[in-house]
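Colleague: I would like to learn how to read a model like this one, feature by feature. Could we go through it together?

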Amino acid sequence: MTEIRPVTEAKAVKVPHLPDAQTVTEVKHWTDRLFSFRCTRPASLRFRSGEFVMIGLMGDPDPKTGKQKPLLRAYSIASPSWDEELEFYSIKVQDGPLTSKLQHIQVGDEVILRPKPVGTLVHDALLPGHRLWFFATGTGFAPFASLLREPQTYQDYDEVIITHTCREVGELQYGRELIESLKTDELLNELIGEGFWKKIKYYPTTTREESPKMGRITDLMRSGEAFEDLGVPPLTKECDRAMVCGNLAFNLEIKQMLEDYGLVEGANSSPQHYVVEKAFLD
Ligand code: A2P
């Protein structure tokens with residue numbers, strides 16, 4: 001005779017044991033320093049493309065009490081707001097409290113995700129403009145991976161320029177593949193129209209390994225080379241809007257440059273010409 005397991009019992013097997021747990025559905029390692037992963041999305045989670053959430057794992061047990069506390073860090077959501085799943089792009093720091101562990105996650109594992117999205121890299125924080133610049137270094141590409149897949153980006157702007165400065169060529173691969181994938185993105189093609197991706201100008205540069213375009217984006221802008229390569233004039237507050245996400249030194253330097261072009265920093269409560277967010281570092 002076949003045993004019929006009660007539905008409640010079958011469900012109980014699937015109940016996650018971590019608080020705010022989500023299940024990993026895909027992991028990709030891009031270099032020995034970078035990886036991305038996808039996980040399930042809480043049904044209640046609503047966010048604006050470009051925002052971040054706190055994610056993490058349970059920390060090691062306290063040697064005295066044996067209790068475990070969640071180890072959480074801010075991570076930009078790299079997937080767009082309409083995606084059924086969530087995607088994250090992360091650095092691997094070998095002695096980093098979280099990423100030394102997170103880099104080993106596999107499909108089926110659980111991650112903790114606090115469903116409270118926040119952030120300034122959102123369309124609402126910018127005044128209308130003609131050209132939108134995304135300035136990224138390293139894993140700072142993540143929020144732009146979300147915004148590049150967001151229809152509003154192309155509805156609001158005539159031109160979108162994404163600059164990505166990394167140390168080595170391999171570190172550009174995640175961004176390069178994402179931009180390539182936009183050409184066949186069904187939703188964007190349907191909503192924005194065929195050839196929408198021709199609005200995008202991609203400007204990848206490396207600083208520590210030979211590539212077709214070498215140098216920090218800040219230096220390339222200061223010398224005028226970046227504008228010449230891209231075929232656009234230097235930024236003005238009338239025409240250009242910018243979102244910045246990278247390491248601290250980069251953020252500070254480009255922030256000053258944007259101010260020198262006459263752009264003013266915006267926020268959710270006060271939209272202006274540019275916004276900045278620090279890329280996650282363990
Ligand atoms: P560099 O190799 O010259 O330091 P990181 O991996 O350390 O976060 O750096 C990512 C990229 O950001 C690197 O290519 C690095 O260049 C670049 N970078 C670091 N600081 C600045 C800055 N102040 N302005 C522009 N690019 C920077």
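Colleague: Let me begin with the overall layout: how many Å separate the centres of domain 1 and domain 2, taken over C-alpha atoms?

Modeller: Happy to help, and please keep in mind that this is a predicted model. The centres of domain 1 and domain 2 lie 26 Å apart, taken over C-alpha atoms. The domain assignment places domain 1 at 7–118 and domain 2 at 123–278 of the protein chain.

Colleague: How many residues does the contact take from domain 1 and from domain 2?

Modeller: A word on the general idea: the size of an interface is often given as the accessible area lost when the parts come together. Here we can count residues instead: domain 1 brings 16 residues to the contact and domain 2 brings 15. On the domain 1 side, β2 (34–40) and β5 (85–91) are the elements that give two or more residues. The largest share of that side comes from β5, with three residues. By character, the domain 1 side has seven nonpolar, eight polar and one charged residue.

Colleague: Now the ligand. Which residues come nearest?

Modeller: There are 13 residues around the ligand, and Thr137, Thr207, Arg216, Asn247 and Ala249 come nearest. Two elements, β8 (159–166) and α9 (248–260), give two or more residues to this shell. The most comes from α9, with three residues. Sorted by character, the shell around the ligand holds three nonpolar, six polar and four charged residues.

Colleague: I also noticed Gly129. Where is its place, and why does Gly129 count as buried or exposed?

Modeller: Gly129 sits in the loop between β6 (110–118) and β7 (131–137). Burial is judged by counting C-beta neighbours, and 20 or more within 10 Å make a residue buried. Gly129 has 22 inside 10 Å, so it counts as buried. Beyond its neighbours within four places in sequence, Gly129 is in contact with Tyr157, Cys239, Asp240 and Arg241. Gly129 and Glu238 are also 7.0 Å apart in space, C-alpha to C-alpha, although 109 residues apart in sequence.

Colleague: Last one: over which residues does pLDDT stay under 50?

Modeller: As a general rule, where pLDDT is low, the predicted coordinates should not be read in detail. In this model, that score stays under 50 over residues 1–15, which have one contact beyond four places in sequence. For the protein chain, the average pLDDT is 92, and 94% of the residues score at least 70. The model's ipTM is 0.98 and its pTM is 0.92.

Technical notes
Residues numbered from 1 in each chain as written. Predicted model: local features only at pLDDT ≥ 70, side-chain atom pairs only at ≥ 80, totals over all residues. Near = placed C-beta within 6 Å. Helix = DSSP H or I, 4+ residues; strand = E, 2+ residues; numbered from the N terminus. Nonpolar A, V, L, I, M, F, W, Y, C, P; charged D, E, K, R; others polar. Domains from an automatic or database assignment. Contact = placed C-beta atoms within 7 Å. Buried ≥ 20, exposed ≤ 12 C-beta atoms within 10 Å, placed from the backbone. pLDDT = per-residue confidence, 0-100.
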